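Open the model in your viewer and keep the selection panel at hand. The stops below say what to select and what is there.

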Amino acid sequence: MHLGFAPDYVDYLDGWERQRELHAAVAEGREPDTTLLLEHAAVYTAGKRTQPEQRPFDGTPVVDVDRGGLITWHGPGQLVGYPIVRLPEVPIDVVAHVRRLEEAMMRMTREFGVETVRVEGRSGVWVLADDRGPDRKLGAIGVRVSRRTTMHGFALNCDADLSWADNIVACGIADAGVSSISREAGRTVTVQDLLPYAEKHLTDVLG
């Protein structure tokens, strides 16, 4: 389900409210599993484990949210996906859900000739250090599970302005950088370019 893309960016709090409404409906069986796809207006959000020293250095406001993960940014040029899905595993396996989201993002970046990988102990998808710089994160993940149903999800940089990362310790990781599909591919790849591939791979991975 599409919520809004440039120039109609989705306010973060509005998107969060839509998530909560849909989460209740999916958890109660009134709606099928649904993934919300969108672009947010620029915002910093902080997961429950975010430390004070990881917040914006200039005092920029931050929205504190009920997901896992640390602090990150959402905004133009970044595809955000919120899969609201029932987890079939017993017991519930949140890590398996995170791995599925990583797999979907790795398939998405590969469509543009960008090979991404998992990094042990760090969620999301990465390009490993090379002559262009240290390990670089292209896609972040932060999820919450309640009533056997997931919320929040992933954010994958397409052609976002990456200067946002200069103002925080992105995802709490000080010894690595951030990047985008466009930067790694050497050509502009927009959210709209990515969207059909995102829909395909999310469907294939999440079912």
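Select helix H1, residues 12-27, first. H1 lies across strands E3, E4 and E5, and runs at about 15 degrees to E4. Keep in mind throughout that the model is predicted.

Now add the three strands under the helix selection. They form an open sheet in the order E4-E3-E5, with mixed pairing. E4 (62-64) and E5 (71-74) are at the edges with a single partner strand each, so one side of each has no neighbour in the sheet. Direction ignored, neighbouring strands here are turned by 30 degrees against each other on average. Zoom in on E3 (residues 43-46) and E5: the two are antiparallel and share 4 bridges. To see one of the pairings, show Val43, whose bridge partner in E5 is His74.

Next, select strand E6, residues 78-84. Is this strand buried or exposed? Of its 7 residues, 7 are buried, so E6 is largely enclosed by the rest of the structure. Colour the two faces separately: Gln78, Val80, Tyr82 and Ile84 point to one side, Leu79, Gly81 and Pro83 to the other, and both sides are covered.

Which strands pair with E6? E2 (residues 34-38) is joined to E6 by 5 bridges and runs antiparallel; in this pairing Leu36 stands opposite Tyr82. E10 is also antiparallel to E6, with 4 bridges between them, and here Gly81 has Phe154 as its bridge partner.

Stay with Phe154 and turn on side chains. Phe154 belongs to the largest nonpolar core, which has 27 residues; Phe154 is among those with the most contacts inside it, together with Leu79, Met108, Leu156, Ile181 and Leu194. Helix H2 (94-110), strands E8 (122-127), E9 (136-146) and E10 (149-157), and helix H4 (191-206) each give two or more residues to this core. Centre the view on Met108. Leaving aside residues up to four places away in sequence, Met108 touches Phe154, Leu156, Leu194, Tyr197, Ala198, His201 and Leu202. A second core, separate from this one, has 15 residues, including Val10, Trp16, Val63 and Ile84.

Finish with the charged side chains. The whole structure holds 15 salt bridges. Three pairs and one network are worth selecting.

- Glu28 and Arg147: their side chains meet in a salt bridge at 3.4 Å, N to O. Glu28 is in the loop between H1 and E2 and Arg147 in the loop between E9 and E10, so the pair ties together parts 119 residues apart in sequence. Glu28 is partly exposed at 43% relative accessible area, and Arg147 is partly exposed at 47%.
- Asp66 and Arg144: the closest N and O atoms of this salt bridge are 3.3 Å apart. Because Asp66 lies in the loop between E4 and E5 and Arg144 in strand E9, the pair ties together parts 78 residues apart in sequence. Asp66 is partly exposed, with a relative accessible area of 21%, and Arg144 is partly exposed at 29%.
- Arg136 and Asp130: the salt bridge is 3.1 Å, N to O. Arg136 counts as buried at 6% relative accessibility, whereas Asp130 is partly exposed at 35%.
- The network: Arg99, Glu102, Glu103, Arg107 and Arg118 are joined into one network by salt bridges that share partners.

How values were computed: Residues numbered from 1 in each chain as written. Predicted model: local features only at pLDDT ≥ 70, side-chain atom pairs only at ≥ 80, totals over all residues. Heavy atoms only, no water. Core = buried A, V, L, I, M, F, W, Y, C linked by side-chain atoms within 4.5 Å. Buried < 20%, exposed > 50% of the residue type's maximum accessible area, 1.4 Å probe, protein only. Contact = heavy atoms within 4.5 Å. Pairing = 2+ DSSP bridges. Axes fitted to C-alpha atoms, helices over the stretch in contact; angles between N-to-C directions. Salt bridge = Lys/Arg side-chain N within 4 Å of Asp/Glu carboxyl O.
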